[in-house]
Amino acid sequence: MVRGPESDGEREGEEILKERWWKAQSLGEKSGELLLYGDIGEGWWAENNAKDFIRDIKALGAITELVVRINSIGGDVFAGMAIYNYLRSLKTHKTVIVDGIAASIASVLAMAGDKIICPANGMMMVHNPWSFSMGDGGE
């Protein structure tokens, strides 16, 4: 939905997605939608913001249906695992739709759904974990 004449062409919700990589919104009294668009988490050195994400999901109230739409190349594994575990713990029915790509930790988040839809032109990418370390020879 395009905003009024003062709009610079952005669609509704894109403003919030510029500030965060998720948006939780109500779709009615008993259903909600969760957009996961962008890098999961705030980066390697930022505070894990899974708690803010979970707070926004809880704010939807007692929903029975949650639609999760993903377009993400992945991100912070620890934030992603906290979010995955929280989504799996919800008693609500979760439908995950891969709108573009669900790669790396975003592919794990996609597995939190009770129903998972990936269109023919969508992509899921799974890989082995990787890491790095730094320090001097004594460390």
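## Salt bridges and helix α3 in a predicted model

The mean pLDDT of the protein is 84, and 81% of its residues reach 70 or more. Here pLDDT is the predictor's confidence in each residue, on a scale from 0 to 100. Over residues 1–11, pLDDT stays under 50, and the model has 9 contacts for them beyond four places in sequence. A contact means heavy atoms within 4.5 Å. Where pLDDT is low, the predicted coordinates should not be read in detail.

This is a predicted model, in which local features need pLDDT of at least 70, side-chain atom pairs count only at pLDDT 80 or more, and totals for chains, interfaces and linings use all residues. Residues are numbered from 1 along each chain as its sequence is written, and side-chain values use heavy atoms, with hydrogens and water left out.

**Salt bridges**

Searching the whole structure gives 5 salt bridges. The criterion is a side-chain nitrogen of Lys or Arg within 4 Å of a carboxyl oxygen of Asp or Glu. Side chains of opposite charge can pair when their charged atoms come close. Three of the pairs are tabulated here.

| Pair | Closest N to O | Citation |
|---|---|---|
| Arg55 and Asp52 | 3.2 Å | salt bridge |
| Arg69 and Asp99 | 2.8 Å | salt bridge |
| Arg88 and Asp114 | 3.9 Å | salt bridge |

Arg55 and Asp52 share helix α2 (residues 50–58). They sit 3 residues apart, about one turn of the helix. Helices (H or I, at least four residues) and strands (E, at least two) are DSSP runs, numbered from the N terminus. Arg55 is partly exposed at 47% relative accessible area, and Asp52 is partly exposed at 28%. The scale is simple: buried is under 20% relative accessible area, exposed is over 50%, and partly exposed lies in between (1.4 Å probe, protein chains only). Asp56 joins Asp52 and Arg55 in a network of salt bridges.

Arg69 and Asp99 form a salt bridge. This pair links distant parts of the chain, 30 residues apart: Arg69 is in strand β3 (residues 65–72), Asp99 in strand β4 (residues 93–103). Arg69 is partly exposed at 26%, and so is Asp99 at 28%.

Arg88 and Asp114 also meet in a salt bridge. Their separation is 26 residues, again between distant parts of the chain. Arg88 belongs to helix α3 (residues 77–89); Asp114 lies in the loop between α4 (105–110) and β5 (115–117). Both ends are partly exposed, Arg88 at 38% and Asp114 at 44%.

**Helix α3**

Helix α3 has 13 residues. From first C-alpha to last, α3 reaches 18 Å, close to the 18 Å expected at 1.5 Å a residue. That expected span is 1.5 Å times one less than the number of residues. Which residues of α3 are buried? They are Ala79, Gly80, Ile83, Tyr86 and Leu87. Seen down the axis of α3, the buried residues fall within an arc of 130°, so they line one face of the helix. The arc is taken over the directions from the helix axis to the C-beta atoms. Their packing partners are β2 (31–37), α2, β3, β4 and α4. At the N-terminal end, Asp76 caps α3: a side-chain oxygen lies 2.8 Å from the backbone nitrogen of Phe78.

**Gln25**

Gln25 lies in strand β1 (residues 22–26). Its side chain makes polar contacts with the side chains of Lys23 (2.8 Å) and Glu33 (2.5 Å). A polar contact is a pair of N or O atoms within 3.5 Å; within protein, one must be able to donate a hydrogen and the other to accept it, and residues adjacent in sequence count only if both atoms are side-chain atoms. Not counting residues up to four places away in sequence, Gln25 touches Gly32, Glu33 and Leu60.
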